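User: I have a complex to go through. Please keep the answers short and end each one on what I asked for.

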Amino acid sequence: MWTFAFKRLLSGAVTIWFIATATFFAMHAVPGDPLTRDKAMSPAVRAQLEQRYGLDKPLVTQYRLFLGNMLKGDFGISFTQENRRVNDIIREHFPVSAMLGITALLIAFIGAVAAGSIAAQFRGQWPDRLLMMAVVAAISVPGFVIAAVAQLLIVQLNNRLGQPLIPVAGWGGFSHLWVPALVLGLGTMAYLSRLMRASMLEVTNSEYILAARAKGAYGWRLFWSHQLRNALLPVVTELGPAIAALTTGGFVVELIFAIPGLGRYFVQAVQQLDYTVIMGTTVFYGAFLVIMVVAVDIAYGLIDPRIRYSRGR
Amino acid sequence: MKSHWGQRPSPFLIFFVAIFCGALFFAHSPYAQAQAVDAQTSRITLSLATEPPTLNSAQATDTIANFLLSHLMEGLLRYGQDGSLQGGVAERWELTETGARFWLRKNARWSDGKPVTADDFVFAWRYALKPETASQYAFILYPLRNAEAINRGELPVENLGVRAVGAHELRVEFEKPCPYFLGLTAFMSYMPLREDMVQRWQRAYAADADKLLYNGPYIMSEWIHGASIRLRRNPNYWGRNEVAIAEIDLPYFTADTSAQFNLFRDKRIALASLDSGQLDKAVEQGFDIHQFQTGALFFLEFNFRKGRITANKSFRKALQALLDPSILVNKILGMPGVLPAYSLFPTTVTGPIRSTGEASYFRDQFPVRRVTANLDQARDYLERAKKELGITAFPPLHLLVGDSPRALQEAEYYQYVLKRGLGLELRIDQQIFKQRLEKMRRGDFDIVAAAWGPDYDDIMTFADLFSSWNDNNRGRYNSPHYDALVSQAANTADPKLRFQAMAELQELVVEDVPILPTYESASLYVQHPQLRGVRRSIFGGDPNFRDAWIALPEGKR
């Protein structure tokens, strides 16, 4: 077990190094640099700024310095937020994205398990068709459309009621959280629903369910103890990548609902060529994704001994 | 029933039910959300497009910082309610051809209670010009004597043409005549800085609400990075009795205009700018639509580098004769308030001061010659260009544009008109912000859709744009005649001579076509009906709430 975990972690570290290196050189290959502004800068000012940020050094030296600082966990100072350290940006804004992402995942997971199970139970009947239609819609409509529509609906609802029931945007308590989380989680929910439905159907048609039926299990008992638990396994496997995707993919939702998450910094940094923030957020998110995948692998190994034995040997 | 549920409830079931109940509970928990306008506490709530990159007034360059600093700090002068210059820290002043003198009010104070002195200005201006500060707006201080040399590191800062005479008098010497200097002193780069604070925090100066001092009408009582900012009336401000709004809350940071509009409709924010997407909805909802001219000029800039077809004058004149800015504005852009442009100088540029003392507009006194669109003439010019260049057909031209939907719409219009009218192929090169700027800098374009917003309230901010020494002249237009006219205006304080040179320059731009002006932009917005006296303006930070107030709701009078 431990060798298995160690190997996974090692390959994870190599992945992160690869992500960092590829991003670093790709970013520097893009025309322009963080100091490019709409008003031309005098050569003297430019030279000062290049020196301040170390951009005057050869690229390989910059890369070496970056790697050294990265190992120390220091990503430097942002170009667009001129007085802020990238570490502070990540520390202050990631928890917001994480909270949004985890809530989105909870909603998605619960919704998907319920929808997938119902669809499977009523296979081919109208609840199944209706749910699967909703699933296709949720997958194909882009997030920014869903977010904008949801916000518009809130405005209309509040106007109708004459008093604010749900906040239109902003960040604060749970009341600010759940609509953006629902919007963010919808795509994942749809995807997981399909997975859950397929898995449920497979389980329902398996021989051990037939055996359980033969022994007199039926209704809720059959569902809870025999079908659901077995059908959940493939869905659980997807949770690792899903949580990473949700905590990192909230840019549009964060923008529209004015949520101070890290996703905005991640995307804006690329647009603004804010080198230090690009590197900081990319490496951080990369590491987060890798760790989540490794964690799920290990957890999966714990849940299902077959996996541990086949991979661990 | 019992057998259906099994002997004990499944942990899964408990988990689901708990989560569901929790969600319902929290979803319906009451939340405190401020109204857009609160007359009782005299508080307003607004949104902000993004976090300001920095609040160090010597280094700030963007409109968000300008908006915040115009509330948090105050320069020698400030722009008043009607757009005229009024006393800020200075209560009296005197402007001559060679310099200026300012007498500071004795009751101007920093937020820690200490008086604002002439030394705070001397320090701030020297600091902004020091090469190590790397201020991108350093050039705006160049009218001060020796400023440019200091900024290039050729002279020590002590040689700057400004000195404090006692605590309350400031004497300024000019490098060249600067009739617009008073307006400059309202700009953020000219705002005072307290040396002890800047020295104490160094690079962290102005990074947090408690790491800078305020001398303006407001102080920043809270700054949660990336999330919210709160401004409160400054109890130490000399004019605190003139400031009606006690608190400005900025709890929403979003650049999305539809989100801003939704917040406005939900009565969460008092002001929201509109783009064409929200305009129809706003009209439909019966909101009053306000507008103001932003003062920015949009234009097509030609590339004059060697080997570019656009360096040929006949070719540029062909495009000038072909394109009609009014069609672009009325049929394509469709935004009220946006004006077709015909001159290098927008209609908002102020002209010579009339004998009555009030500023007038340049264009009112010096109308521009308009070239009417004429397809035959355009074709003639194109034929001439062909002969001059010695080619039989034109290669495709590259039009560099930004990545906004509006920019693309505009580019497609040009593409269509050029193809249809002159049979020219236009390739649209759409680039995101920084990449476009980099391509402009490198000259990687034939034509670029560019824009210029004025830095200060004088015609020179547009006039010197295409002089050969200006780094912002991306097309490398190089005309001795143009340069001479700019120098002529820059070296005289005589308003008559200055504006005659500028009138000649305006005609030169029509004749030689270094650029094709396309439109003057405008900003549309909706505003809470109870909020009054908000100043929207080109200069001095926009919008400005120093003199705004909250009226009683209609019908409650």
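User: Is α11(A) largely enclosed by the rest of the structure or largely open, and how many of its residues are buried?

Analyst: This is a predicted model, in which local features need pLDDT of at least 70, side-chain atom pairs count only at pLDDT 80 or more, and totals for chains, interfaces and linings use all residues. Residues are numbered from 1 along each chain as its sequence is written, while chains are lettered from A and ligands numbered from 1 in the order in which they are written. A residue is buried if 20 or more other C-beta atoms, placed from the backbone, lie within 10 Å of its own, exposed if 12 or fewer, and partly exposed in between. α11(A) is largely enclosed by the rest of the structure, because the buried ones among its eleven residues number eight.

User: Which residues of α11(A) are buried, and which residue just after α11(A) takes a positive phi?

Analyst: Helices (H or I, at least four residues) and strands (E, at least two) are DSSP runs, numbered from the N terminus. The buried set in α11(A) is Leu262(A), Gly263(A), Arg264(A), Tyr265(A), Phe266(A), Gln268(A), Ala269(A) and Gln272(A). Just after the helix, a positive phi of about 50° is taken by Leu273(A).

User: How many residues of chain A are in contact with chain B, and which element gives the most to that side?

Analyst: Two residues are in contact if their C-beta atoms, placed from the backbone, lie within 7 Å. On that basis 53 residues of chain A meet 57 residues of chain B. Elements giving two or more residues to the chain A side include α2 (43-53), α4 (86-121) and α11 (262-272). The most, six residues, comes from α9(A).

User: What classes make up the side of chain A that touches chain B?

Analyst: Ala, Val, Leu, Ile, Met, Phe, Trp, Tyr, Cys and Pro count as nonpolar, Asp, Glu, Lys and Arg as charged, and the others, Gly among them, as polar. By class, this side has 27 nonpolar, 18 polar and eight charged residues.

User: Why does Asn69(A) count as partly exposed, and with which residues is Asn69(A) in contact?

Analyst: Asn69(A) sits in helix α3 (residues 59-71) of chain A. Asn69(A) counts as partly exposed because it has 14 C-beta neighbours inside 10 Å. Leaving aside neighbours within four places in sequence, its contacts are Asp74(A), Phe75(A) and Gly76(A).

User: How far apart do the C-alpha centres of domain 1 and domain 2 of chain B lie?

Analyst: The bounds, from an automatic or database domain assignment, are 74-210 for domain 1 and 294-521 for domain 2 of chain B. Nine residues of domain 1 are in contact with nine residues of domain 2. The domain 1 side has six nonpolar, one polar and two charged residues. The C-alpha centres of the two domains of chain B lie apart by 34 Å.

User: How many helices and strands are there in chain B, and what percentage of its residues count as buried?

Analyst: Chain B has 18 helices and 22 strands. Its C-alpha trace spans about 95 × 75 × 50 Å along the principal axes. Of its 557 residues, the share that counts as buried is 44%.

User: What is the mean pLDDT of chain B, and where does pLDDT stay under 50?

Analyst: pLDDT is the predictor's confidence in each residue, from 0 to 100. Its mean over chain B is 90. Where pLDDT is low, the predicted coordinates should not be read in detail. In chain B, pLDDT stays under 50 over residues 1-7 and residues 27-32.
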